[in-house]
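Ready to practise reading a protein model? Grab a pencil and work through these exercises one step at a time.

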Amino acid sequence: MVLSRISRERRIPIKTLLILRHAKAEPDAGDGDEARPLAKRGRRAAERVGELIADQLPDLVLSSSSVRTRETVERLQKGAGSLPRVEYEPELYLASPKKLVAVLAARGGDVARLMLVGHNPGLEDLVSDLTGERVSLPTAGLAECTLEVDRWSDVTLGTRAELVRLTYPRDDD
């Protein structure tokens, strides 16, 4: 008789963090930085990102509440066909990595795939803090990272993540 041993080790789930910088915005026309809408090029790029992630949608999108990030999410949704759940968080506007992590820890719950939509330099710095890699996130740039954590509330700036992919939508114009 052969007995097999089954590992009793606890497997830590893999969480996926998608970090998307807002798409290209119009220059400030005097209404203030938060009120800047997307440029035509930005609208196309955000839709393209939506098309690229359509087969692996996030379970939750946490976005800055600025006009350009809201429009980025709307165009992302158009390109992807749908987005399950979107929450706009004013505290994500021009947020530091510390604030970004605090918001995803407080709002992420137990979803497997979470997307942050926001602004630089905070997003680039967050990718660097989590992965140890310096990356460039131009407008509509998307970084995909994986983390071995049970819950988003376990994530800190000291949590290690793996940078899986960088996506830059191509604009042919």
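Before we start, here's a cut-off you'll need: a residue is buried under 20% relative accessible area, exposed over 50%, and partly exposed in between. Keep in mind that this is a predicted model.

**Exercise 1.** Work out whether E51 is buried, exposed or partly exposed, then describe its salt bridge with R48.

*Solution.*
Step 1: Look up the accessibility. E51 has 42% relative accessibility. That value falls between the 20% and 50% cut-offs, so E51 counts as partly exposed.
Step 2: Do the partner too. R48 comes in at 35% relative accessibility, so R48 is also partly exposed.
Step 3: Check the distance. In the salt bridge between E51 and R48, the closest N and O atoms are 3.3 Å apart.
Step 4: Place the pair. Both residues sit in helix α1 (residues 40–53), with their positions 3 residues apart in the numbering, about one turn of the helix.

**Exercise 2.** Find out which elements the salt bridge between R107 and E89 connects, and how accessible each partner is.

*Solution.*
Step 1: Start with the atoms. The closest N and O atoms of R107 and E89 are 3.1 Å apart.
Step 2: Locate the ends. R107 belongs to helix α3 (residues 97–107), while E89 belongs to strand β3 (residues 86–89). They're 18 residues apart, and the pair links distant parts of the chain.
Step 3: Compare with the cut-offs. R107 has a relative accessible area of 37%, so R107 is partly exposed. E89 has 7%, which is under 20%, so E89 is buried.

**Exercise 3.** Describe what the salt bridge between R113 and E144 ties together.

*Solution.*
Step 1: The closest N and O atoms of this pair are 4.0 Å apart.
Step 2: R113 lies in strand β4 (residues 113–118) and E144 in strand β5 (residues 142–148), so the bridge ties together parts that are 31 residues apart in sequence.
Step 3: R113 and E144 are both buried.

**Exercise 4.** Zoom out: how many salt bridges does a search of the whole structure find, and which residues form a network?

*Solution.*
Step 1: The search turns up 12 salt bridges.
Step 2: The network of salt bridges links D33, R36 and R68.

**Exercise 5.** Say where V67 is and what V67 touches.

*Solution.*
Step 1: V67 is in helix α2 (residues 67–80).
Step 2: Leaving out residues up to four places away in sequence, V67 touches E34, A35, R36 and P37.
Step 3: With a relative accessible area of 28%, V67 is partly exposed.

Key:
Residues are numbered from 1 along each chain as its sequence is written. This is a predicted model: local features need pLDDT of at least 70, side-chain atom pairs count only at pLDDT 80 or more; totals for chains, interfaces and linings use all residues. Side-chain values use heavy atoms; hydrogens and water are left out. A salt bridge is a side-chain nitrogen of Lys or Arg within 4 Å of a carboxyl oxygen of Asp or Glu. Helices (H or I, at least four residues) and strands (E, at least two) are DSSP runs, numbered from the N terminus. Buried means under 20% relative accessible area, exposed over 50%, partly exposed in between (1.4 Å probe, protein chains only). Contact means heavy atoms within 4.5 Å.
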